[in-house]
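Biologist: Could you take me through one part of this chain in close-up? I would like to see how a single helix sits among its surroundings, and I am happy with a long answer.

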Amino acid sequence: MNDAKTKQKAMQAVADVYGVNSIEADLKEQMLTIIGQMDTIAIAKKLKKIGKIDIVSVGPNKEEKKEEKEEENKDEEK
């Protein structure tokens, strides 16, 4: 993502995939953050048509992890 036009193309391509909850783009770091439960292969295929991609991480959202740990701690206390 070098410019706003490429950023817009990438965001539109990803928005079409089922399960995407939110999309954030950072032009300085050339990073697109996609949150939701979707098919990562479908995301990769769509973004490869636009340019080079690197998948940094795949997993649950950080906020969800914290909530799960709190629930586990409550269960253990009982």
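Modeller: Gladly; what follows is a walk around helix α2 and the parts that meet it.

A word of care before we begin: this is a predicted model. The chain has three helices and two strands, and along the sequence they follow the pattern α-β-β-α-α. Of its 78 residues, 14% count as buried. The chain exposes about 6800 Å², with carbon and sulfur atoms supplying 45% of that area.

Now to α2 itself, which runs over residues 40-48. At the start of the helix, a side-chain oxygen of Asp39 comes to within 3.3 Å of the backbone nitrogen of Ile41. Further in, which residues of α2 are buried? They are Ile43, Ala44 and Leu47. These three cover an arc of only 95° around the axis, and therefore lie on the same side of α2. The spacing fits a familiar rule: an α-helix has 3.6 residues a turn, so residues three or four places apart point the same way. On the other side of α2, Ile41 and Lys45 are exposed.

What covers the buried side? The cover for the buried residues of α2 includes α1 (4-15), β1 (20-26) and β2 (31-36). Let us go through that cover by way of individual residues.

Leu47 is a good place to start. This residue of helix α2 counts as buried because its relative accessible area is 14%, under the 20% cut-off. Setting aside neighbours within four places in sequence, Leu47 is in contact with Ala10, Val14, Leu32 and Ile53. With Ala10 the sequence separation is 37 residues, while the C-alpha atoms are 6.3 Å apart in space. For the chain as a whole, residues 24 or more positions apart account for 34% of the contacts with a separation of 6 or more.

Leu47 also belongs to the largest nonpolar core, which has eight residues in all. Ile43 is another member, and the rest are Ala10, Val14, Val17, Val20, Leu32 and Met38. The elements that give two or more residues to this core are α1 and α2. As a general pattern, nonpolar side chains tend to be buried together in soluble globular proteins.

Two other members of the core show how Ile43 is met. Val17, not counting residues up to four places away in sequence, touches Met38, Ala42, Ile43 and Lys46. Val20, whose place is in strand β1, has Ile43 among its contacts too, along with Val14, Ile34, Ile35 and Met38, again leaving aside neighbours within four places in sequence. Val20 and Ile43 are 23 residues apart in sequence, and their C-alpha atoms are 9.7 Å apart in space.

That brings us to the strands. β1 and β2 pair in the antiparallel sense over six bridges. One of the pairings joins Ile23 to its bridge partner in β2, Ile34. Ala25, also placed in strand β1, counts as partly exposed because its relative accessibility is 28%. The C-alpha atoms of Ala25 and Ala10 are separated by 9.1 Å, with their positions 15 residues apart along the chain counted as the separation.

The turn between these strands deserves a look as well. The hairpin of β1 and β2 has four residues between the strands, and Gln30 has its place in this loop. Its phi is near 50°, a positive value in a residue other than glycine. For background, most residues other than glycine have a negative phi. Gln30 counts as partly exposed because its relative accessibility is 49%, and exposed would require over 50%.

To put the close-up together: α2 has Ile43, Ala44 and Leu47 as its buried residues, and α1, β1 and β2 are among the elements that cover them. Ile41 and Lys45 are exposed on the other side of the helix. Ile43 and Leu47 both belong to the eight-residue core, to which α1 and α2 each give two or more residues.

Terms used:
Residues are numbered from 1 along each chain as its sequence is written. This is a predicted model: local features need pLDDT of at least 70, side-chain atom pairs count only at pLDDT 80 or more; totals for chains, interfaces and linings use all residues. Side-chain values use heavy atoms; hydrogens and water are left out. Buried means under 20% relative accessible area, exposed over 50%, partly exposed in between (1.4 Å probe, protein chains only). The arc is that of the directions from the helix axis to the C-beta atoms. Contact means heavy atoms within 4.5 Å. A polar contact is a pair of N or O atoms within 3.5 Å; within protein, one must be able to donate a hydrogen and the other to accept it, and residues adjacent in sequence count only if both atoms are side-chain atoms. A nonpolar core is a set of buried Ala, Val, Leu, Ile, Met, Phe, Trp, Tyr and Cys residues joined through side-chain atoms within 4.5 Å. Two strands pair if DSSP finds at least two bridges between them. Accessible areas come from the Shrake-Rupley method with a 1.4 Å probe; for residues, only the protein chains shown count as cover.
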